[in-house]
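User: I am new to reading structures. Please take me through one part closely, and set the scene around it before you zoom in.

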Amino acid sequence: MLQHIVWTVSLALMMLVGFGWSFALLRSGIREEEFAPLQKRAYRLRTRFFWGLVAVFGVPMVYTLIDLPYDAVRVAEGSGAVQEVRATGHMWRWELSENRLEAGRPVVFRVTSGDVNHGFGIYDPDMKIVAQTQAMPGVTNTVRHTFTRAGTYRVLCLEYCGLAHHDMTAEFTVGERS
Amino acid sequence: MATPPPPERGAHAGVVAYLATSAGVLLLMMVFGLLMRAEQARFVSLGAQWFYQLMTLHGAGMVGIAGIAGAAIMWHFLNQYVALSVRILYANLALFVAGVGLVLGAVLVGGFHGGWTFLYPLPSHSLGLWSDGAAAAFLAGMLVIGTGFLLLQLDVARAIVAGYGSFARALGWPQLFGRDDGRAPPPTVVASAMVTVVNLIALVVGASILAMMLVNLYFPEFRIDPMLAKAMIYFFGHVFINATIYMAVIAVYEILPRYTRRPWKANRVFLASWNCSTLMVMFIFPHHLLMDFAFPKWMLVMGHIIGYLNTVPILVVTGYGALTLVYRSGIAWDTGSRLLFLSMFGWAAGAMPAFIDGTIRVNYVMHNTLWVPGHFHTYLLLGMVAMAFGFMYYIAKPSAKTADGLADRAAFWAYVAGSLGFALAFLYAGKESVARRYAEHLPEWVPYDRIGTAFAVLIVAAALVFAVRFLARLAHARGDQARAGAPQGAAA
């Protein structure tokens, strides 16, 4: 799952940063009076560090730009006729045009709002987010997703919208493909 | 051309007033944050309305006070290179207090709970839960606070141009694009120039959308494009809160060299880094809009890419520079120097989950989960706030030989452990898809809230020690005494 990868990578990077700081801290005690030679060595290392960062961060930066959620080509991930759901957010309820969908067939959610900004977050049966977009007044955002698992999915509001923001939920069912 | 600063100058009374205000407000806002986590953890029962009112105050208060603390640091050091106006310094504080009064009235009396981001059109759509008057008081309060900062930045701009001739010179362009003659402006001036450029634009944009929303509140036929409003709000909000860190980091540039007796000069790499940051801080803001699919795709991809690039100056120049300075320096550690060193770690470490969240595909499953407060509390608590408290410890230190007490050492480590634990509890909950800004959490989310609450108690306790120590030593803040202890083994 993407969230798990993100957590692991973030933790690893934060620990690497912590390692750098601990290293300098542990070696801060005995003074090297001449700073210029030390600085020269540090600058040489910095150049390598810079190019290392470019390589390590550059690859995922570019790679993750493939298959963006905005791309209409995502409907090709599934097969069969596209299922369309119109979703409208209101303070504090969701209006869904369909509440029964099929797994394996692409779904296109056309999301908007009848009043203020809301966030249309789709949670799988394990309560993990699988897709989202913002529901904005006067704008229709399109989410394309193909469900691979059957079960009950929930929609939670992911943009603060006032007093009952946390209660603004809806449900739909994804059934096995007929 | 300005001359190098005399070492260890005491603070102006206005700067002391800024810092005392910062200590008090920071502490109060931390208590509000603790109450919010305790509510989610079901340790207390405030109710949703109080939760969202506290959330609104916590957000607005923290952003505002980070601005005040950052401005105090920038003003204190920049005033040693260029002549700043004391009247404007006080005017900003007076407008801040007046704005805070309006915000407090809007929230505590008027019941406004539209969030500090005042996302259009929520302030005018309360469903009867707050009046137009309350919304107007909140928006006007933010406008008054922003106007104060705008005045301060205009004065900084005036002083920089008077002292250095132009912003191009203050940003070191002659040395960056021509021959590096070693006469580049000091880091404080470069950082202040960068902050002024970005903040002037952000504050004007912020003031514009606030004024537009105030008009809309009373003349609804004056409609605002929600996408434009959102972009303006996030541009202002992102730049302003980032500028607080870029102001506060001046404390690191100025104070660590005094502790290590090593110079931190603005060489060509440093200048390139700050000039790039000037642009990146302004153009990175679409990473807040990645889930607004209707925005132009190129703009969202720009947010994604700059999110990655923005980590480079933080890690390679400022973070790495601090490590180089401290490495084999024999530095005499005290709470002030520890907090400043910690702040560089916090900024760099917090940038990691931040840029990852700015990856479009990641944002698709993590936007507006607790991952977001997870990363910004890392670089604000362990970064910006540590810089502010570090500066308070430094400036109020009675002498270079003053030793820390047990309470200071305990508070420092409690702050480190508390902030790390608190931020990681948020990040882990974000990984588990826990939505942010929820007054009530699902039962399966509550354990993360309880862990977060326990760490928040540690943070508040530590911050109380920091604030009390600073206030108790306030009289020393104005003196010109030496503060930084000599490194062990340093040549006389």
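Analyst: Chain B has 16 helices and 0 strands. Keep in mind that this is a predicted model.

Take the outline of chain B next. The chain has 492 residues, and a compact globule with that number would have a radius of gyration near 23 Å. Chain B comes out at 22 Å, which agrees with the globule value. Along the principal axes, its C-alpha atoms fill a box of roughly 70 × 50 × 45 Å. Buried residues make up 66% of chain B. Look also at contacts between residues at least 6 apart in sequence: in chain B, 84% of these join residues at least 24 apart. The exposed area of chain B is about 15,500 Å², and carbon and sulfur atoms supply 69% of it.

Two residues show such contacts at work. Start with Pro186(B). This proline is found in the loop between helix H6 (173–177) and helix H7 (187–218) of chain B. Leaving aside neighbours within four places in sequence, Pro186(B) is in contact with Tyr81(B) and Tyr164(B). Now compare sequence with space. Pro186(B) and Glu254(B) are 68 residues apart in sequence, and their C-alpha atoms are 9.5 Å apart.

Move on to Thr311(B), in helix H11 (residues 311–326) of chain B. Is Thr311(B) buried or exposed? Its relative accessibility is 2%, so Thr311(B) counts as buried; the cut-off is under 20%. Beyond four places in sequence, Thr311(B) is in contact with Ala351(B), Met352(B) and Phe355(B). Phe57(A) is in contact with Thr311(B) as well. That residue belongs to the other chain, where we go next.

Chain A contains 2 helices and 9 strands. Reading from the N terminus, the order is α-α-β-β-β-β-β-β-β-β-β. Chain A is divided into domain 1 (2–70) and domain 2 (79–175). The centres of these two domains are 38 Å apart, taken over C-alpha atoms. The C-alpha trace of chain A spans about 75 × 40 × 30 Å along its principal axes. Its radius of gyration is 24 Å, whereas a compact globule of 178 residues would be near 16 Å. In chain A, 51% of the residues count as buried. Of the contacts in chain A with a separation of 6 or more, 65% are between residues 24 or more positions apart. Chain A exposes about 8,500 Å², with 60% of that from carbon and sulfur atoms.

Now zoom in. The part to study is strand E9 (residues 169–175) of chain A.

Which strands pair with E9(A)? One of them is E8(A), which pairs with E9(A) in the antiparallel sense over 6 bridges. Find Val155(A): Ala170(A) in E9(A) stands opposite. Find Arg154(A) too: its bridge partner in E9(A) is Glu171(A). Strand E3 (residues 100–102) of chain A also pairs with E9(A), but in the parallel sense over 3 bridges. There, Arg100(A) stands opposite Thr173(A) in E9(A).

Follow E8(A) further. Strand E8 (residues 151–157) also pairs with strand E5 (residues 118–123) of chain A, in the antiparallel sense over 4 bridges. Within that pairing, Gly121(A) stands opposite Leu156(A) in E8(A).

Next, the two faces of E9(A). The covered face carries Ala170(A), Phe172(A) and Val174(A). The uncovered face carries Thr169(A), Glu171(A), Thr173(A) and Gly175(A). Why do the numbers skip by turns? In a regular strand the side chains alternate between the two faces of the sheet.

What touches Phe172(A), on the covered face? Phe109(A) is in contact with Phe172(A). Beyond four places in sequence, the other contacts of Phe109(A) are Val85(A), Leu101(A), Phe120(A), Ile122(A), Asn141(A), Thr142(A), Val143(A) and Phe147(A).

Phe109(A) leads to the core. The largest nonpolar core has 242 residues. Phe109(A) is among the residues with the most contacts inside this core, along with Met30(B), Phe118(B), Phe138(B), Phe391(B) and Tyr415(B). Helix H8 (residues 226–260) of chain B gives the largest share, 24 residues. Both domain 1 (2–70) and domain 2 (79–175) of chain A give residues to this core, so the core lies between them.

Note on methods: Residues are numbered from 1 along each chain as its sequence is written. Chains are lettered from A and ligands numbered from 1 in the order in which they are written. This is a predicted model: local features need pLDDT of at least 70, side-chain atom pairs count only at pLDDT 80 or more; totals for chains, interfaces and linings use all residues. Side-chain values use heavy atoms; hydrogens and water are left out. A nonpolar core is a set of buried Ala, Val, Leu, Ile, Met, Phe, Trp, Tyr and Cys residues joined through side-chain atoms within 4.5 Å. Buried means under 20% relative accessible area, exposed over 50%, partly exposed in between (1.4 Å probe, protein chains only). Domain bounds come from an automatic or database domain assignment. Contact means heavy atoms within 4.5 Å. Two strands pair if DSSP finds at least two bridges between them. The radius of gyration is taken over C-alpha atoms; the globule rule is 2.2 Å times the number of residues to the power 0.38. Accessible areas come from the Shrake-Rupley method with a 1.4 Å probe; for residues, only the protein chains shown count as cover.
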